[in-house]
Amino acid sequence: MWAWPRIRRYARRNATLSLTPHPAAAGSPAASRSAQKADVLWQSIVEALEDAKAENIVSIDLSGRTTLADQMIIASGRSSVHVGAIADRVVKACRAAGYPSPKVEGVPLCDWVLLDAQNAIVHIFRPDVRQFYNLEKMWSADRPGEAAKS
């Protein structure tokens, strides 16, 4: 059974906050290893989608836009059964590449299956559901005020 995580609150007044850069923020070797690892994951997922005959595969770079993930991959399957099979193929590909199994949502109906694979989020839709939600348009648009600055 799932329970809410405990939130610990520390009542400390006059505490100082010091900010140190994360190793991935700088051009450190840890950052390049992290980027290479993310590229391997992305490549494994896209190859699995192609092997499973997924249609209209789109990859959206989310780095700098959100902390959820670095990549969002959207694909379509021809039917609910095909969507479920594609999702299963992606899970197996992640495990074969040495990553933990992604968290999977939406398998009972298989209209829209969401896979959370660490730095990549994979959406697999039936074509009519994909057209209704239109995630490409939502995530491809610039943030408010961002286009005016460039």
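Which residues of β2 are buried on one side, and which on the other? Gln-71, Ile-73 and Ala-75 are buried on one side, while Met-72, Ile-74 and Ser-76 are buried on the other, so both faces of β2 are covered. The model is a predicted one. The protein has 150 residues, of which 29% are buried, and its secondary structure comes to five helices and five strands.

**Overall make-up**

- Read from the N terminus, the elements of the protein follow the order α-β-β-α-β-β-β-α-α-α.
- Among contacts with a separation of 6 or more, 54% are between residues 24 or more positions apart.
- About 10900 Å² of the protein is exposed, and carbon and sulfur atoms supply 55% of that area.

**The sheet**

- The five strands form an open sheet in the order β1-β2-β5-β4-β3, and the pairing is mixed.
- β1 and β3 (103-105) are the edge strands, each pairing on one side only.
- On average, neighbouring strands of this sheet are turned by 15° against each other, direction ignored.
- Helix α2 packs on the sheet and touches β2, β3, β4 and β5. The direction of α2 makes about 10° with that of β4.
- Strands of a sheet pair through backbone hydrogen bonds, in either a parallel or an antiparallel sense.
- Strand β1 (residues 55-61) and β2 run antiparallel and are joined by five bridges. In this pairing Glu-55 stands opposite Ser-76 of β2.
- β2 pairs with strand β5 (residues 120-125) in the parallel sense, over six bridges. Here Ile-74 stands opposite His-123 of β5.
- β3 and strand β4 (residues 112-117) run antiparallel, with three bridges between them. Lys-103 stands opposite Asp-116 of β4.

**Strand β2**

- Strand β2 spans residues 71-76, and six of its six residues are buried.
- In a regular strand, side chains alternate between the two faces of the sheet. The buried residues of β2 divide in this way, with Gln-71, Ile-73 and Ala-75 on one side and Met-72, Ile-74 and Ser-76 on the other.
- Three residues of β2, Ile-74, Ala-75 and Ser-76, are among the contacts of Arg-130.

**Arg-130**

- Arg-130 belongs to helix α3 (residues 127-133).
- Its relative accessibility is 8%, so Arg-130 counts as buried.
- Neighbours within four places in sequence aside, Arg-130 is in contact with Glu-55, Asn-56, Val-58, Ile-74, Ala-75, Ser-76, Phe-125 and Glu-136.
- The side chain of Arg-130 reaches the backbone oxygen of Asn-56 at 2.8 Å.
- Arg-130 also meets the side chain of Glu-136 in a salt bridge, at 2.4 Å from N to O.
- Glu-136 is buried too, because its relative accessible area is 17% and the cut-off for buried is under 20%.

**Other salt bridges**

- The structure holds five salt bridges. Side chains of opposite charge can pair when their charged atoms come close.
- Asp-88 and Lys-92 form a salt bridge in which the closest N and O atoms are 3.3 Å apart.
- Asp-88 and Lys-92 are four residues apart in helix α2 (residues 80-96), so about one helical turn separates them.
- Asp-88 is partly exposed at 38% relative accessible area, and Lys-92 is partly exposed at 48%.
- Asp-128 forms a salt bridge with Arg-126, with the closest N and O atoms 2.8 Å apart.
- The relative accessible area of Asp-128 is 43%, which makes this residue partly exposed.
- Asp-111, Arg-126 and Asp-128 are linked in a network of salt bridges.

**Ser-44**

- Ser-44 lies in helix α1, which covers residues 29-51.
- With a relative accessible area of 15%, Ser-44 is buried.
- Once neighbours within four places in sequence are left aside, Ser-44 is in contact with Ala-93 and Ala-97.

Definitions and conventions
Residues are numbered from 1 along each chain as its sequence is written. This is a predicted model: local features need pLDDT of at least 70, side-chain atom pairs count only at pLDDT 80 or more; totals for chains, interfaces and linings use all residues. Side-chain values use heavy atoms; hydrogens and water are left out. Helices (H or I, at least four residues) and strands (E, at least two) are DSSP runs, numbered from the N terminus. Buried means under 20% relative accessible area, exposed over 50%, partly exposed in between (1.4 Å probe, protein chains only). Contact means heavy atoms within 4.5 Å. A salt bridge is a side-chain nitrogen of Lys or Arg within 4 Å of a carboxyl oxygen of Asp or Glu. Two strands pair if DSSP finds at least two bridges between them. A polar contact is a pair of N or O atoms within 3.5 Å; within protein, one must be able to donate a hydrogen and the other to accept it, and residues adjacent in sequence count only if both atoms are side-chain atoms. Accessible areas come from the Shrake-Rupley method with a 1.4 Å probe; for residues, only the protein chains shown count as cover. Axes are lines fitted to C-alpha atoms, for helices over the stretch in contact, and angles run from 0 to 180 degrees between N-to-C directions.
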